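User: Hi, could you walk me through this structure? I am in my first year, so plain words would help.

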Amino acid sequence: MIMMGQISFLWFRKERFALRRRPDFTRWTECLLDLLFPPRCAGCASSGSLLCPVCLGAIARLQEQRCSRCALPSHGPTCRRCRFSGSSLFALQAVALYEEPLRSCIHRLKYQGHTRLAQPLGNMLASCYRRYHLRADFVVAVPLHPERERQRGYNHARLLADVCAHELGLPCAHSLLQRVRVTAAQAGLSISERQQNVIGAFYCQPQGRDLSLPGSTVLLIDDVCTTGATLEACATALLQRGAATVQALVLAIPG
Ligand SMILES: [Zn+2]
Ligand SMILES: [Zn+2]
C-alpha cells in the first residue's frame, strides 16, 4: 500500500519533471502523468484541472477606476499621492484583488511547487496587459536571490513572466536584473521598513544576451504588490542603467 507521503513525493517529482521538461517533452507524457496523478483545482480542490472554470471565473478582474501608477482606487487616471510623488514606475496594473481563489493559487505556485499554475496565471497577466494597453519592449521578472531560488528550485515570478511574454510575443530579459542581497520577507513590515529592506537589493546590468536596456520600455512582473517597495527598487535600478520607462504588472494587490 502506497502511503500518502510517498504519493505527495511522487506528485512533487512529477511537477518538478514538468518544470524541467525539454522542448521535446511530449504532450502525451504529461497526459499520462495527469492520469496517474490527477491535478486538483487550487481554488476548490475538485479533481481534473489545476484551476477549474468555476474558480477561474471567480477571479474577478478589477472593476472600479484605479490609478494607473499604483493600481489603488482613484477618482481620476492618477491618484493624488502619485501625482505628487516621484515614483520610478510609470505604470502599475494588477489582475485582481488578493482574495480567494487567487490567493490560494499564488500560494500553491510560490510555496508548494504547483509550477504549472503559472500557465493560467501568466495568461491572466497577458490579458491584463492588453486590457490596459500597456506597451513594452521586453519582460523582466522580479528576481529572487540566487540562494533562495536554489532552495525553492525556481522563481515563481519568472515562470509567470515567461508565460506572459510568450502569450504576448515579447522577449524576456531576466538576466538584466539580479537580486544581490538577501532581504527579509516583506510581510509584516511597515511601509518605511519595506522600503529600507530593499534599498540596494537589486543590481542591473544594461546589456543582456540579445537585448540592450538603454532607451527601452521594460515590463516588470511579480505575483503580488503590497506597498510597491520591491517593484519601486527594481524600477529604480533599471532606470539608473538607462531604461526609458518601467511598467509593472502583478497578479494581485491587497483589497
Ligand atoms: Zn475550482
Ligand atoms: Zn496612485
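User: Let's start with Val198: is Val198 buried or exposed?

Analyst: This is a predicted model, and in it Val198 counts as buried, because its relative accessibility is 3% and the cut-off for buried is under 20%. Val198 belongs to helix α9.

User: How far apart are Val198 and Thr183 in space, C-alpha to C-alpha?

Analyst: Their C-alpha atoms are 6.6 Å apart in space, while in sequence Val198 and Thr183 are 15 residues apart.

User: Ok, switching to metals. Which residues coordinate the zinc ion (ligand 1)?

Analyst: The zinc ion (ligand 1) is held by the SG atoms of Cys41, Cys44, Cys52 and Cys55, at 2.2 to 2.3 Å. Along the sequence these donor residues follow the spacing C-x2-C-x7-C-x2-C.

User: And what geometry does the site of the zinc ion (ligand 1) have?

Analyst: The site of the zinc ion (ligand 1) is tetrahedral, with angles of 103 to 113° among its 4 donor atoms. For comparison, the ideal angle for four tetrahedral donors is 109.5 degrees.

User: Are those cysteines buried or exposed? Take Cys44 to begin with.

Analyst: Cys44 counts as partly exposed, because its relative accessibility is 43%, and partly exposed covers what lies between the cut-offs of 20% and 50%. Cys52, in contrast, is buried, with a relative accessible area of 7%, and Cys55 is buried as well, at 8% relative accessibility.

User: What about the zinc ion (ligand 2): which residues coordinate it?

Analyst: For the zinc ion (ligand 2), the donors are the SG atoms of Cys67, Cys70, Cys79 and Cys82, at 2.2 to 2.3 Å. The site of the zinc ion (ligand 2) is tetrahedral, with angles of 104 to 114° among its 4 donor atoms, and in sequence the spacing of its donor residues reads C-x2-C-x8-C-x2-C.

User: Same thing for Cys67: buried or exposed?

Analyst: Cys67 is buried, since its relative accessibility is 0%. Cys70 counts as buried at 9%, and so does Cys79 at 10%.

User: With those cysteines around, how many disulfides does the structure hold?

Analyst: The structure holds 0 disulfides. As a reminder, a disulfide is a covalent bond between the sulfur atoms of two cysteines.

User: Let's look at the backbone now. Which residues does the cis peptide bond join?

Analyst: The cis peptide bond joins Glu100 and Pro101, and its omega is about 0°. Pro101 sits in the loop between β1 (91-97) and α5.

User: What is the phi of Ala45, and where is Ala45 found?

Analyst: Ala45 has a positive phi of about 70°, although it is not a glycine, and its place is in the loop between α2 (27-36) and α3 (53-58). Ala45 counts as partly exposed, because its relative accessible area is 38%.

User: Why is a positive phi worth a mention?

Analyst: It is worth a mention because most residues other than glycine have a negative phi. Ala71 also has a positive phi of about 70° and is not a glycine. Ala71 lies in the loop between α3 and α4 (80-83), and Ala71 counts as buried, given a relative accessibility of 1%.

User: New topic: what volume does the largest pocket have?

Analyst: The volume of the largest pocket is about 760 Å³. The pocket is lined by 36 residues, of which Lys110, Tyr111, Gln186, Ala187 and Asp223 are the closest to its centre.

User: Which elements give two or more residues to that lining?

Analyst: Those elements are α5 (102-111), α7 (146-152), α8 (156-168), α9 (191-198), β5 (217-224) and α10 (229-240). The largest share of the lining, 4 residues, is given by α5.

User: And by class, what does the lining of the largest pocket have?

Analyst: By class, the lining of the largest pocket has 17 nonpolar, 11 polar and 8 charged residues.

User: You mentioned Gln186. Where is the place of Gln186, and is Gln186 buried or exposed?

Analyst: Gln186 is in the loop between β3 (177-179) and α9, and Gln186 counts as buried because its relative accessible area is 15%, where the cut-off is under 20%. From C-alpha to C-alpha, Gln186 and Ala229 are 9.0 Å apart in space, although 43 residues apart in sequence.

How values were computed:
Residues are numbered from 1 along each chain as its sequence is written. Chains are lettered from A and ligands numbered from 1 in the order in which they are written. This is a predicted model: local features need pLDDT of at least 70, side-chain atom pairs count only at pLDDT 80 or more; totals for chains, interfaces and linings use all residues. Side-chain values use heavy atoms; hydrogens and water are left out. Donors are N, O and S atoms within 2.8 Å of the metal (3.2 Å for Na, K and Ca); water is not among the atoms, so sites may look incomplete. Four donors count as tetrahedral if all angles lie between 85 and 135 degrees; four count as square planar and six as octahedral if opposite donors are over 155 degrees apart and all others between 65 and 115; anything else is irregular. Buried means under 20% relative accessible area, exposed over 50%, partly exposed in between (1.4 Å probe, protein chains only). A disulfide is a pair of cysteine sulfur atoms within 2.5 Å. On a 1 Å grid over the protein atoms alone, a cavity is a set of points where a 1.4 Å probe fits but cannot get out, and a pocket is an open set with protein on both sides within 12 Å along at least five of seven lines; lining residues have an atom within 4 Å of a point. Grid points are joined across faces, edges and corners, and a volume is the space filled by probe spheres set on the points. Ala, Val, Leu, Ile, Met, Phe, Trp, Tyr, Cys and Pro count as nonpolar, Asp, Glu, Lys and Arg as charged, and the others, Gly among them, as polar.
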